[in-house]
Amino acid sequence: MTYTIREIKEEEIKLLDRFLYLAIYVHKGEVPPPFEIIYKPELQVYVDNLGKEKDDHILVAESEGLVVGAVWVRIMDDYGHIDNKTPSLIISVEKEYRGKGIGRSLLSSMLSLLSMRGYKDVSLSCQKENYAVSLYESLGFEIIKDIDEEYIMRKEI
């Protein structure tokens, strides 16, 4: 499978609602929440006016003309917030495209972009059960907080 990592186009910003929904971890055996959950204020912080602030950076993975994954960062008071200088990272890939290296490519590309733009760190929140924890650790993210069912992770860039 071939895919390209690139910056998002303005007309694609609306796709991030779907990718935010896909980023919600669902425990094995649980029913996924309704799509409308993304409209809760604590989740809208991830997408509200995204792309309008200087610390908003968004990359997508495109395969055969379709956007199949997205990674974005912004400085916000979210679950992965550690300070007002460190952007929080969100990533998701369409289910049928997972396990093909797209997530790793998106993350690596975002880390490179952040480095070029002078950021020192990036953070994220991840459920402990999420298989992505090992991906994040393999890319140098470290667990800095262990809170109930989730980790707050940080990577120096």
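Leaving aside its neighbours within four places in sequence, which residues is Val73 in contact with?

## Val73 and its surroundings

In this predicted model, the residues in contact with Val73, apart from its neighbours within four places in sequence, are Asp55, Asp56, His57, Pro87, Ser88, Leu89, Met110, Leu114 and Val122. Val73 itself is found in strand S3, which runs over residues 66–74. Is Val73 buried or exposed? With a relative accessibility of 0%, Val73 counts as buried, because the word buried is used here for values under 20%.

A distance in space can be set beside a distance in sequence for the pair Val73 and Tyr136, which are 63 residues apart along the sequence and 15 Å apart in space when the separation is taken from C-alpha to C-alpha.

## Salt bridges beside strand S3

A search of the whole structure finds nine salt bridges, and two of the residues in contact with Val73, namely Asp55 and Asp56, take part in such pairs, Asp55 with Lys54 and Asp56 with Arg74. In the pair of Asp56 and Arg74, the closest N and O atoms are 3.1 Å apart. Asp56 lies in the loop between H2 and S2 while Arg74 lies in strand S3, so this pair ties together parts that are 18 residues apart in sequence. Both partners are buried, Asp56 at 10% relative accessibility and Arg74 with a relative accessible area of 7%.

The salt bridge of Asp55 and Lys54 has its closest N and O atoms 3.3 Å apart. Here the partners fall into separate classes of accessibility: Asp55 is buried, with a relative accessible area of 15%, whereas Lys54 is exposed, with a relative accessible area of 68%.

## Other salt bridges

Where else do charged side chains meet? The side chains of Lys128 and Asp146 form a salt bridge with an N to O distance of 2.4 Å. This pair links distant parts of the chain, since Lys128 is in the loop between S5 and H4 and Asp146 is in strand S6, 18 residues apart. Lys128 is partly exposed, and its relative accessible area is 30%. Elsewhere, Arg6, Glu12 and Glu62 are linked in a network of salt bridges.

## A negative patch on the surface

Which residues form a negative surface patch? The patch is made by Glu30, Glu129, Asp148 and Glu149. Among them, Asp148 lies in the loop between strand S6, residues 142–147, and strand S7, residues 150–156. At 70% relative accessibility, Asp148 counts as exposed, because that word is used for values over 50%.

Glu129, another member of the patch, has its place in the loop between strand S5 (121–127) and helix H4 (132–138). Apart from neighbours within four places in sequence, Glu129 is in contact with Tyr25 and His27. The C-alpha atoms of Glu129 and Glu142, which are 13 residues apart along the chain, are separated by 16 Å.

## Positive phi angles in two loops

Two residues that are not glycine deserve a look for their backbone angles. Asn49 has a positive phi of about 55 degrees, and its place is in the loop between helix H2 (41–44) and strand S2 (57–63). With a relative accessible area of 48%, Asn49 is partly exposed.

For Glu64, phi is near 50 degrees, which is again a positive value in a residue other than glycine. Glu64 is found in the loop between S2 and strand S3, and with a relative accessible area of 77% it is exposed.

## Two further loop residues

Pro34 is found in the loop between helix H1 (16–22) and H2, where it is exposed with a relative accessible area of 54%. How many ångströms separate the C-alpha atoms of Pro34 and Gly118? The separation is 38 Å, for residues that are 84 residues apart along the chain.

Asp83 has its place in the loop between S3 and strand S4 (88–93), and at 33% relative accessibility Asp83 counts as partly exposed. Asp83 and Ser123 are 40 residues apart in sequence, while their C-alpha atoms are 9.4 Å apart in space.

Terms used
Residues numbered from 1 in each chain as written. Predicted model: local features only at pLDDT ≥ 70, side-chain atom pairs only at ≥ 80, totals over all residues. Heavy atoms only, no water. Patch = residues over 30% accessible without salt bridge, like charges linked within 9 Å, V, L, I, M, F, W, Y side chains within 5 Å. Areas by Shrake-Rupley, 256 points an atom, 1.4 Å probe, with all protein chains shown as cover. Salt bridge = Lys/Arg side-chain N within 4 Å of Asp/Glu carboxyl O. Lys, Arg positive; Asp, Glu negative; His and termini not counted. Charge placed at Lys NZ, Arg CZ, Asp CG, Glu CD. Helix = DSSP H or I, 4+ residues; strand = E, 2+ residues; numbered from the N terminus. Buried < 20%, exposed > 50% of the residue type's maximum accessible area, 1.4 Å probe, protein only. Contact = heavy atoms within 4.5 Å.
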